[in-house]
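Let's take a walk through this structure together, going from the whole chain down to single side chains. Keep the viewer open and follow along.

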Amino acid sequence: MSHYEDAVVRELNVWRLKMMRKPSTVNRLSKNLQTRINKIIPEKVHQAITATIKQMTRAVLFGAEFLTRQPVLEPLSLEEREERVRDRIAFYKTAGAAEGGVTGAGGILLGLADFPLLLALKMKLLFEIAAIYGYPINEYKERLYIMHIFQLAFSSQERRQAVYQQMINWQVKSQQLPDDIDQFDWRTFQQEYRDYIDLVKMAQLVPGIGAAVGLVANYRLLESLGKTAMNAYRMRWAEGRALER
């Protein structure tokens with residue numbers, strides 16, 4: 001392996017341990033705090049956010065606007081692919097920060113509009129990353145892998161452990177997955193995502209600080225998603241190399 005690939009393997013091993021560690025006291029306290037906040041937020045707001053997440057994620061699995069990227073099949077090294085990936089992550093972080101600042105400054109209505117806009121940016125980033133790594137995103141099960149990456153980035157630590165286990169040895173496990181989209185666990189997906197981002201994003205609706213919160217929150221959320229996606233595809237790269245031996 002090259003020096004770059006050696007470094008990737010070390011980073012990947014650290015990430016794997018992070019995915020499998022037990023929920024910390026802070027994780028548990030954050031979850032309890034989120035539960036309390038959920039009881040305060042008006043039910044209509046919860047319903048609007050949940051409906052948006054479900055509609056957007058279903059559109060992602062079948063929407064043509066997300067499938068325009070073709071897999072990069074040219075013979076690039078892992079380092080060359082990841083240079084391209086980092087460029088796209090940087091672009092989407094900047095775009096997300098700008099969008100969050102504008103909607104955060106616009107009060108409650110524009111603040112609520114941030115949810116579908118940010119979700120679309122996140123999904124487009126994931127589809128671009130998958131294509132750069134050379135995966136055919138027009139295939140249904142590749143899109144399911146993207147949904148698993150999304151859950152890894154935006155779930156509680158307990159849920160993250162379960163999702164990570166589902167992604168190990170994906171080449172084999174994906175063959176056992178149902179082709180029926182209705183069997184996807186939408187309820188858990190929505191709840192985990194909503195609980196993960198509510199604590200940060202609800203502060204974006206507060207007058208006076210919304211713009212600053214939106215800018216920083218979106219930047220960091222997209223950065224976290226990008227790093228998670230890179231390690232998820234590194235995991236498949238490492239498994240592919242093991243099969244070649």
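**Salt bridges and their surroundings**

A search of the whole structure, which is a predicted model, finds eight salt bridges. Side chains of opposite charge can pair when their charged atoms come close. Before we look at some of these pairs, it helps to have the overall fold in mind.

The protein chain has ten helices and zero strands, so along the sequence its pattern reads α-α-α-α-α-α-α-α-α-α. Of its 245 residues, 47% are buried. Take the contacts between residues at least 6 apart in sequence: 82% of them join residues at least 24 apart. On the outside, the chain exposes about 12600 Å², and carbon and sulfur atoms supply 57% of that area.

Now to the pairs themselves. R234 and E11 meet through their side chains in a salt bridge, with 2.8 Å from N to O. R234 belongs to helix 10 (residues 210–244) and E11 to helix 1 (residues 3–20), so this pair ties together parts that are 223 residues apart in sequence. How buried or exposed are the two partners, R234 and E11? R234 is buried, because its relative accessible area is 3%, a value under the 20% cut-off. E11 is partly exposed, at 43%.

Helix 4 offers another pair to look at. The side chains of E82 and R86 form a salt bridge as well, at 3.9 Å from N to O. These two are four residues apart in helix 4, so about one helical turn separates them. E82 is buried, with a relative accessible area of 0%, while R86 counts as partly exposed at 38%. Salt bridges that share partners join E82 and R86 with E11 and R234 into one network. If you select these four residues in your viewer, you can follow that network for yourself.

Where does E74 find its salt-bridge partner? The partner is R84, and the closest N and O atoms of the pair are 3.5 Å apart. E74 sits in the loop between helix 3 (43–62) and helix 4 (78–104), whereas R84 is in helix 4, so the bridge ties together parts that are ten residues apart in sequence. Both ends have some exposure: E74 counts as partly exposed at 40% relative accessibility, and R84 is partly exposed with a relative accessible area of 33%.

Next, some charges that gather on the surface. E79, E80, E83 and D87 form a patch of negative charge there. One of them, E83, lies in helix 4 and counts as partly exposed, because its relative accessibility is 45%, which falls between the cut-offs of 20% and 50%.

A90 is also found in helix 4, where it counts as partly exposed at 37% relative accessibility. A90 and Y219 are 129 residues apart along the chain, and their C-alpha atoms are separated by 9.3 Å.

Our last stop is Q161, in helix 7 (residues 157–167). Which residues does Q161 touch, leaving aside those up to four places away in sequence? The answer is a run of neighbors: M19, M20, R21, K22 and P23. Q161 itself is buried, because its relative accessible area is 18%, which is under the 20% cut-off.

Definitions and conventions. Residues numbered from 1 in each chain as written. Predicted model: local features only at pLDDT ≥ 70, side-chain atom pairs only at ≥ 80, totals over all residues. Heavy atoms only, no water. Buried < 20%, exposed > 50% of the residue type's maximum accessible area, 1.4 Å probe, protein only. Contact = heavy atoms within 4.5 Å. Patch = residues over 30% accessible without salt bridge, like charges linked within 9 Å, V, L, I, M, F, W, Y side chains within 5 Å. Areas by Shrake-Rupley, 256 points an atom, 1.4 Å probe, with all protein chains shown as cover. Lys, Arg positive; Asp, Glu negative; His and termini not counted. Charge placed at Lys NZ, Arg CZ, Asp CG, Glu CD.
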